[in-house]
Amino acid sequence: MNVGIVQPGTQSNSQLLDNEKFILKHIIQKKIFLRPKDEMGVILMGSDSSTSDSITGLDNAQELCNMQIGNWNLIKSIEKLQPTNQICSWMDAIYAAVEYIKHECVDKCERKIILLSSFNEEENVVDQFQAKEITQILNSEAISLIAIGERALHDINEDFQTPSEALLMKVLEQINGQYLTFEHAMSDVRFYKRPSTKPAPWHCLMELGELRIPIVGIAKMPKEMKLPKMVLMGKTSMSNTPDKEVPIKSVAQWMDNNRTIHTDEDIIRGYVYGGKAIPVSDEAKKAMTPKNNQKSYKIHGFTMRENIPMEYWLSDGSYVILPANEIASTPFYSLVQAMVEKNVVAIVEKVYRANTEANMMALFPSVDVENEPWCLIEIGLPFEQDYGAITQKPLKGVMNQLSQKQDDAMDDLLRSLELPDAADDDTTNSSQKYLPGYMPNPGTQHMWDVLAARAFNPDKPLPPIADDLLNLLEQPEFIKAKCKPVTEKINNLFFLEKQKPLRKRKIQEDDNKSDVNDDAPMTQIAKEEKRDTGNNDASEDISDLCSFDFDPSLEKHGWLRLNILLSLSDKTGRVRRILHSVNLTTRQRVTNGISSLENDPESFLERSSRSRNIYVCSLLVALATLLVVVQCGDIMRKSIVFDKNTPDVFYCPQHKPIGFEKMLVKARPLSRLCQFEGRPIPEDYKSDCYNDVDETEYACKEKYRIMMRLHPPGSNTPYNGTRLSKFLAFDKDLPYARKKNQV
């Protein structure tokens, strides 16, 4: 890399140095993540440090470091480089790099020089070197050359190139080198692509009746590279040694519902079906797998191509089937041509490896594809249990509901979304990113960026996803421009109503039903008032003045509303009834007065007497409400049942319990009792018991009591109840659990 200048009297280019740092940084990071065994070195053109023991032997072209594998310290050293005013040509740098490689590289390996410079040396300096000599020295050490410059030299005529650029292009042409611009190189190294490897062919004999054709299978799309696994590290500190990080190994333990640890020798492997454990030994497991299957590739028959639509394709990728040798080419390509003429697809039984399950495949002939040979494309087919049929709604009825303008608008939308395929179109480059294997994975690249950022700055927050990664998922601008008028037209032609989520809609419907049910008692009271013309004695017992009614319409929402009908009478015999509703969840009271049957004015004494009656009834209502809440809560909390005769399960209600005498319970595994130990319950959690009573504080306390009873301290398997011991003080916080003299 060039940190100096190429002509005397000029200033160093800081922008050029920043671009060089960017390219080298991402090259080294890619080596760290994807090719950690590759070694590299850096030589600085225009270095201002003169050392006598330099490997290159030049004062203005010296090595930054010895040959080493990629590491973060090397990237930090490159980031600290500053521009200098020392002169150095790229020709001298080539000779220095060759000497450096001779000294550092001992074993035979792939050798490559990446040359970064502006290639603007003076003509008298360029004339001192010959392209043939540079080519010979590179070929003698089997070194390939990649040059990165500022101008696109492939698009510039030789007459308009500088002498330095012309010499460089001659050298690259003679050794079959590569030239890139900084812009192209920076976009290329930004995404860490998987290194290309030779495909592993799969050899077999394709059976067609009595005919045997040697074939080879090659994966069309190789398997996606897995992301690195997280490594657990632990710090060890000694009195005499500093802290040291060591990897932590995971040790598997087998534990039952009672948290009893078992060894591998005590475990019996098998299956559970019909509520019964079916043990399967290692010998039985081997007998369950086919032993006589041999590696094979057998054609069962042929079917028309339209009989295997895309919905039946099962494979994650595809295989390309080719003849294994020249002798097999004649029968193989004859079969391919016959399949094309008949428009058929072959159904094949494939056993990839001996003693493995057979799979069904479909072979599609592929001919006349640019840059690809004639071949058969193998795609997997599902078995009956693998295929889930989707009931399709007839489109004819839907299409009849559309007007002609709406139909035409949808056609225009599809046409506006079409990607261009013409070679001379200016938008072709934007649409090329949708080609298979062209777009890098933004999620994987973001992970590399995050790991690199954390390696450099372990104490800083993680960076957000980069803009260039977000742009990969953005729609091309020319597509947006084409779609805009069409989408505006569709908005005017179609009435789009925003629907609420299904869960919210159900809750709203239930609330509406509850409101209707709330109005029913009021209507009933009004009817009773019209029929009621009798006189009541003012001195009647207070218990006759109040009647209680539970509103069942709100039970499904977990609410409890108490409707109290107050029947009051005055001296004149006029009857007044007041409906008093108490919502136990919000503790709000709504009092609705029903007008008297007569509209005569009342005296102050009559109002005072009625107010006293209302006060007394309200006091009774409050006491009754408190008793109902305590009783209901006591029933819900104490609905956890355990039987020592069935120690592996507990019992809890599946519906709202009415009382202890008529409570219906169902068995659940004891491990599900207090499963979350007081932590929040996930939204998608399927409840084991009604209203999640198995996750209450009382349930956790019961779990602690049960486990301590089954595994008491001092036994062979004592129970560790550290996490549940916090629930022991639960009853002490309840009002009814306090002592009489306790405030």
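Okay, let's start with one residue, Leu 58: leaving out anything up to four places away in sequence, Leu 58 touches Asp 92 and Ala 96. Before I go on, keep in mind that this is a predicted model.

So where does Leu 58 sit? You'll find Leu 58 in the loop that runs between strand E2 (43–45) and strand E3 (61–63). Is Leu 58 buried or partly exposed? Partly exposed, as its relative accessible area is 28%. And if you look back along the chain to Met 45, that residue is 13 residues from Leu 58 in sequence, with 9.9 Å between the two C-alpha atoms.

Now, let's move on to helix H3, residues 90–104. This helix has 15 residues, and from its first C-alpha to its last it reaches 20 Å, which is close to the 21 Å expected at 1.5 Å a residue. Several H3 residues are buried, including Trp 90, Ile 94, Ala 96 and Tyr 100. You've met Ala 96 already, as one of the residues that Leu 58 touches.

That brings us to the largest nonpolar core, which has 36 residues. Which of them touch the most other members? They are Trp 90, Ile 134, Leu 138, Leu 145, Val 171 and Tyr 179. Quite a few elements give two or more residues to this core, among them E2, H3, strand E5 (111–116) and helix H5 (131–140). The largest share comes from H3, with 9 residues.

Let's zoom in on Leu 145 for a second. Setting aside neighbours within four places in sequence, Leu 145 is in contact with a list of residues that includes Ile 94, Ile 113, Leu 138 and Val 171. There's also a second, separate core of 23 residues, and Val 3, Leu 16, Leu 17 and Ile 78 are included in that one.

Okay, on to the cysteines. A disulfide is a covalent bond between the sulfur atoms of two cysteines. How many disulfides does a search of the whole structure find? It finds 2.

One is formed by Cys 652 and Cys 689, with their sulfur atoms 1.9 Å apart. The angle about the S-S bond is -80°, and this link is left-handed. Cys 652 is in strand E25 (residues 649–653), while Cys 689 is in the loop between strand E26 (665–669) and helix H18 (697–710), so we have distant parts of the chain linked across 37 residues. Both Cys 652 and Cys 689 are buried.

The other disulfide joins Cys 674 to Cys 700, at 2.1 Å from S to S. Here the torsion about the S-S bond is about 90°, so this disulfide is right-handed. Cys 674 is in the loop between E26 and H18, and Cys 700 is in helix H18, so this pair ties together parts 26 residues apart in sequence. Cys 674 and Cys 700 are both buried too. If you number the bonded cysteines in sequence order, the pairing comes out as 1-3, 2-4.

Two more cysteines to look up: Cys 204 is buried at a relative accessible area of 12%, and Cys 483 is buried at 7%.

Let me finish with the whole chain. It has 18 helices and 26 strands. Of its 743 residues, 34% count as buried. The chain exposes about 49,300 Å², and carbon and sulfur atoms supply 52% of that.

How values were computed. Residues are numbered from 1 along each chain as its sequence is written. This is a predicted model: local features need pLDDT of at least 70, side-chain atom pairs count only at pLDDT 80 or more; totals for chains, interfaces and linings use all residues. Side-chain values use heavy atoms; hydrogens and water are left out. Helices (H or I, at least four residues) and strands (E, at least two) are DSSP runs, numbered from the N terminus. The expected span of a helix is 1.5 Å times one less than its number of residues. Buried means under 20% relative accessible area, exposed over 50%, partly exposed in between (1.4 Å probe, protein chains only). Contact means heavy atoms within 4.5 Å. A disulfide is a pair of cysteine sulfur atoms within 2.5 Å. Accessible areas come from the Shrake-Rupley method with a 1.4 Å probe; for residues, only the protein chains shown count as cover. A nonpolar core is a set of buried Ala, Val, Leu, Ile, Met, Phe, Trp, Tyr and Cys residues joined through side-chain atoms within 4.5 Å.
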